[in-house]
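Biologist: Could you walk me through how the inside of this protein is packed? I'd like to look at it with you.

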Amino acid sequence: MEYTIRGRCGQDGCRERRYYLDEGLWFCKQGHQQEGRQVEAEQEQFGTQGKTNRIKKVAAEKGRRTYRGRRAYTLFLQAYQFILWKQCYALVQDRGFPAQFESVIRDLWALRLELYSDKIKEIPEGDDELELFSSQPGTDVESEPEDFKPKSHWPRLIDTVALCYLGALLMRIPVSICDLHRMVVRGDIPYIRVIKQIPREMRDKLPQEYISIIETSRLVEAEQLHKAVLELSLLYHHKFGVQFPPLNHPPLLYRFIKRLALPIEIHPAVKRLQPLLSFDFKYPTQSLGKKRAINLPELQLMALIVISTKLHFPFDSIKRYPSSAQEPTTQSIDWNIWAQAQRYFDSHETSGGKIGKGNEILVKENEVFDMAPNQLDEYMDWYENSWLDSSKAKNPLADLFPTSLAPGESQSTASAAAAAQAPEPAPAPTSKEDENEAMSSMVQTVTGQLKPRRIISEDGAHVPRPGTSYSRYRMESDLPETARSFFETAAKVVGVSLPTLVRVVYQAETRISRWLEDQRRIEYYGDPSEMNDVEDANSDAAEEIDDHFMAD
């Protein structure tokens with residue numbers, strides 16, 4: 001028998017290399033039939049080699065091994081911790097946070113891990129298996145225990161940003177919730193599509209239900225971040241007894257006043273109103289049912305700014321006259337010029353035909369067709385950085401279709417030569433420098449247009465003084481046009497919706513009204529302490545009814 005030398009057989013560990021042909025089929029010397037090729041001899045052409053037909057091999061099923069049970073929980077917490085580290089690194093390296101910030105976040109996260117370590121120990125050992133995701137029927141996978149549903153018992157992605165805020169609060173860093181929300185939207189800290197930041201080796205072993213927790217399906221809102229911070233502070237207080245300090249409000253107050261382009265006279269007015277309303281700028285230590293927004297520290301600060309503005313620079317057209325030149329109400333704001341300056345400031349990032357950093361995610365499908373070439377380049381660069389996963393294997397044809405230019409690469413050879421001969425340009429100003437310059441210009445425009453008020457020193461009942469005819473707006477529909485523009489900007493600065501800010505300001509004004517009534521009773525009737533207990537209870541009940549009917 002003639003044998004043909006080929007590759008090793010490999011069946012059942014057979015190492016035979018000699019093969020023979022029997023009725024068109026190849027066999028090794030040990031008798032193992034070979035797959036993939038057969039030779040058929042035709043009767044009419046006896047003695048020829050015949051036709052060669054290739055037989056397709058059964059396609060090997062592609063499977064992906066994914067952790068289940070205890071190993072899946074542990075791996076998810078490790079991936080979550082990796083996201084926290086990436087955010088801390090971005091805040092320390094790019095945003096100027098102190099180096100100790102990472103240690104504070106590590107300690108806070110270590111406390112929360114104690115809760116999850118007890119849950120992981122309760123999982124039976126039998127669940128500590130690998131699951132093979134298969135397209136074939138018959139895969140028997142044991143279901144997860146009902147007490148360990150991921151979305152109800154494990155940290156959310158928004159809690160990473162909330163934890164960073166609480167860490168900054170402990171270190172007295174003057175950062176607002178709106179600042180962190182802006183960093184998230186602009187991509188300054190990893191959040192949107194953060195799943196691609198996790199190493200692929202970890203991603204491939206995470207079950208889909210855990211990936212959905214750290215995957216961003218919709219854009220987070222600043223008001224949701226307010227709620228997440230409040231819930232997380234209550235958790236740390238009740239479970240571990242952590243006492244968070246009050247808000248570092250002096251620098252935040254200055255920043256809010258400057259961003260709203262208000263005169264500096266608002267600052268002492270806020271300081272005088274704060275003890276009157278008993279605002280301590282601390283997060284509450286007990287659950288308040290519906291968690292009324294007036295108990296949030298930043299909203300308390302913004303409510304004081306709004307009330308002070310309404311007292312000193314009202315939105316109506318009533319003429320009021322101060323009694324001396326030393327009063328802070330000797331000037332008035334032209335609210336039309338103020339609104340125009342605010343619109344100009346809001347559009348400073350989109351000047352020059354730019355989309356603006358942070359606005360790319362808000363682009364809709366029909367807006368793409370109206371974009372200029374530079375806007376399309378800006379949008380596609382953002383899309384590449386946010387959505388394309390560089391950890392996947394690169395397609396061999398990808399180099400033929402580059403997604404972006406290399407750093408310093410020009411559009412054409414001629415422009416590259418011209419750029420080589422031209423002198424090196426000065427470094428472009430950063431976005432932070434542009435924003436500070438635009439804000440300073442806005443403040444100068446508004447304060448430069450302040451109008452002086454006529455001073456009448458004579459006392460008389462017919463002379464309207466600043467603070468008289470004070471208007472209170474209970475609902476959003478009650479706002480006049482000039483007040484609406486101011487309230488919308490203030491709500492955007494503090495990171496809440498317009499109805500929420502209107503409700504908080506109205507509740508604060510109600511407390512001031514009650515305080516004034518108490519002062520009148522003390523003046524005319526003496527100490528009204530016995531009546532106050534009943535009236536306070538009635539007022540609290542009235543505020544609860546207002547919250548119910550004015551809720552979003």
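Modeller: First, a definition: a nonpolar core is a set of buried Ala, Val, Leu, Ile, Met, Phe, Trp, Tyr and Cys residues joined through side-chain atoms within 4.5 Å. Buried means under 20% relative accessible area, exposed over 50%, and partly exposed in between, with a 1.4 Å probe and protein chains only. This is a predicted model, where local features need pLDDT of at least 70, side-chain atom pairs count only at pLDDT 80 or more, and totals for chains, interfaces and linings use all residues. Residues are numbered from 1 along each chain as its sequence is written, and side-chain values use heavy atoms, leaving out hydrogens and water.

Biologist: Which helix gives the most to the largest nonpolar core?

Modeller: That core has 116 residues, and Phe 76 and Phe 101 are among those with the most contacts inside it. Helices here are DSSP runs (H or I, at least four residues), numbered from the N terminus. With 13 residues, the top contributor is helix H1 (residues 69–94).

Biologist: Why does this core lie between two domains, and which ones?

Modeller: Domain bounds come from an automatic or database domain assignment. Both domains give residues to the core, so it lies between domain 2 (66–120 + 153–245) and domain 3 (247–316 + 469–529).

Biologist: Is Trp 85 buried or partly exposed?

Modeller: Trp 85 lies in H1, as does Phe 82, 3 residues apart. Phe 82 has 24% relative accessibility, so Phe 82 counts as partly exposed. Trp 85 is at 38%, so the call is partly exposed.

Technical notes: Helices (H or I, at least four residues) and strands (E, at least two) are DSSP runs, numbered from the N terminus.
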